[in-house]
Amino acid sequence: PSSSPLKGLRVLVTAGPTQEPLDPVRYLTNHSTGKMGYAIASAAAEFGADVTLVSGPVALTAPDAVDVVRVMTAQDMFDAVADAFPAADITIMAAAVGDFRVAEIAPEKIKKAGRSSITVELVSNPDILAWAGERKRDDGSQILCGFAMETEHLIRNAEKKLTSKYCDMLVANNLRDAGAGFGTDTNVVTVLTSGAEDAGTPKIEHWDKMDKTVLAQRLLLRLAALRSGGASNVDDENKE
Ligand code: C5P
C-alpha cells in the first residue's frame, strides 16, 4: 500500500470543546478533550495530506506538520471553518461544539451577594457541520464527515444527522459504551455512510473497539475512498 494515500488532498478537521463565556472569569463548556480530532489530524498528515486543524481549547500538543487554528467559542470555530472549508477535499468535524452561548456576556464578574438565584439566557450557536453540508460542492469532490455522541437512540439520531446535515459519513459513538467517549484512548463506533447509488438508506457498520489512532487511519482511508468514488483498494488494504 502507498504510504501517502492522502497526498495532494486538503483535510480540514475540527476538534475539542468550545468555551462560551458567561462573564470575564467564567464559561460554559463540555468534557471533550480533543483526542479523536487530534488523532485524525495527525493520521491525515502522516498519510501525506495538507491538514488544517481547527481546535477548541485542549491540553494536547499540536501534531507535527499540521496547520493549527486555535479558537475558543463556537462562533470563532465557525469563522475558522468558513475560511478553510471551500478549499478542503475532506472535512471531518470531531469537535464538541457548544449548542448554546450566553445571550449577553456580563462585562464584569457576576456577584453572588444578595442573590439566591440568577437566570442566564442562552441562544443557539450556528451549526457548523450543517452549514458546511449545505455548501459542499455537489460533484463529489468534497467529502464531509460528522461525529455524533449520544446517550440514547444512537443509530436513529445518527441517521438523522447524516441526512439532515448532508454528510457523506457519520461516526456515532455512545457515551455509555465502555471504551468510548470523552478522554479515552479507544473508541467504539458505528459508521454510517450515505450510499450515493442507494440514497436514503445509509450503510451501517458496527466497528470493534479500537485505539483512536487506528480508528483515525481507517476513517481517513474510507473517506478518501468515498471521494474517489466508492469501493477501492485503499480500503481493502486497510482491513488487515
Ligand atoms: O447535532 P449534533 O451536535 O449532535 O451533531 C454533532 C456533529 O455536528 C459533530 O460532527 C459536531 O462537530 C458538529 N456540530 C457543529 N456545529 C455545531 C454543533 C455540532 O459542527 N454547532
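Strands are DSSP runs of at least two residues, numbered from the N terminus, and two of them are said to pair if DSSP finds at least two bridges between them. The legends below describe close-up views of a predicted model.

**View 1. Strand β9 and its parallel neighbours β6 and β10.** Strand β10, residues 169-174, runs parallel to β9 and is joined to it by six bridges; within this pairing, G146 has L170 of β10 as its bridge partner. Strand β6, residues 90-93, also pairs with β9 in the parallel sense, over four bridges, and here G146 of β9 stands opposite M93. A further bridge partnership between these two strands links I92 with C145 in β9. Seven of the eight residues of β9 are buried, and the strand is therefore largely enclosed by the rest of the structure.

**View 2. Strand β6, with β1 as a further partner.** Strand β1, residues 10-15, runs parallel to β6, and four bridges join the two. One residue to follow in this view is I92, which is the bridge partner of V13 and also has C145 in β9 as a bridge partner. Both faces of β6 are covered, since the view shows I90 and I92 buried on one side and T91 and M93 buried on the other.

**View 3. The shell of residues around the ligand.** The residues around the ligand are M93, A95, V97, D99, P126, D127, I128, L129, G146, F147, K161 and K165. By character, this shell divides into seven nonpolar residues, one polar residue and four charged residues. M93 and G146, which stand opposite each other where β6 meets β9, both belong to the shell.

**View 4. Backbone contacts to the ligand.** Three residues of the shell bring polar backbone atoms to oxygen atoms of the ligand, and each can be looked at in turn. For M93, a polar backbone atom is 2.6 Å from an oxygen atom of the ligand. For A95, the distance between a backbone N or O atom and an oxygen atom of the ligand is 2.7 Å, and for F147 a backbone N or O atom lies 2.8 Å from a ligand oxygen. Of the 450 Å² of accessible area that the ligand has on its own, the protein covers 86%. The elements that contribute two or more residues to the shell are α3, residues 128-135, and β9, residues 143-150.

**View 5. Helix α1 and the residues on either side of it.** Helix α1 comprises the twelve residues 35-46 and reaches 16 Å from its first C-alpha to its last, close to the 16 Å expected at 1.5 Å a residue. The helix is mostly covered, with nine of its twelve residues buried; these are M36, G37, Y38, A39, I40, A41, A43, A44 and A45. Before the helix, in the loop between β3 (26-28) and α1, is S32, which has a relative accessible area of 14% and therefore counts as buried. A polar atom of the S32 side chain lies 3.5 Å from the backbone nitrogen of G34. After the helix comes G48, whose phi is positive, near 95°.

**View 6. Two loop residues with positive phi.** Most residues other than glycine have a negative phi. A65 is not a glycine, although its phi is positive, at about 60°. A65 is found in the loop between β4 (50-55) and β5 (66-70), where its relative accessible area of 71% makes it exposed. Y166 is another residue other than glycine with a positive phi, in this case near 55°. The place of Y166 is in the loop between α4 (154-164) and β10, and its relative accessibility of 45% means that it counts as partly exposed.

**View 7. A178 in the loop after β10.** A178 is located in the loop between β10 and β11 (186-187). With a relative accessibility of 69%, A178 counts as exposed. A178 and K209 are 31 residues apart along the chain, and their C-alpha atoms are separated by 8.9 Å.

Terms used
Residues are numbered from 1 along each chain as its sequence is written. This is a predicted model: local features need pLDDT of at least 70, side-chain atom pairs count only at pLDDT 80 or more; totals for chains, interfaces and linings use all residues. Side-chain values use heavy atoms; hydrogens and water are left out. The expected span of a helix is 1.5 Å times one less than its number of residues. Buried means under 20% relative accessible area, exposed over 50%, partly exposed in between (1.4 Å probe, protein chains only). A residue is near a molecule or strand if one of its heavy atoms lies within 4 Å of it. A polar contact is a pair of N or O atoms within 3.5 Å; within protein, one must be able to donate a hydrogen and the other to accept it, and residues adjacent in sequence count only if both atoms are side-chain atoms. Accessible areas come from the Shrake-Rupley method with a 1.4 Å probe; for residues, only the protein chains shown count as cover. Ala, Val, Leu, Ile, Met, Phe, Trp, Tyr, Cys and Pro count as nonpolar, Asp, Glu, Lys and Arg as charged, and the others, Gly among them, as polar.
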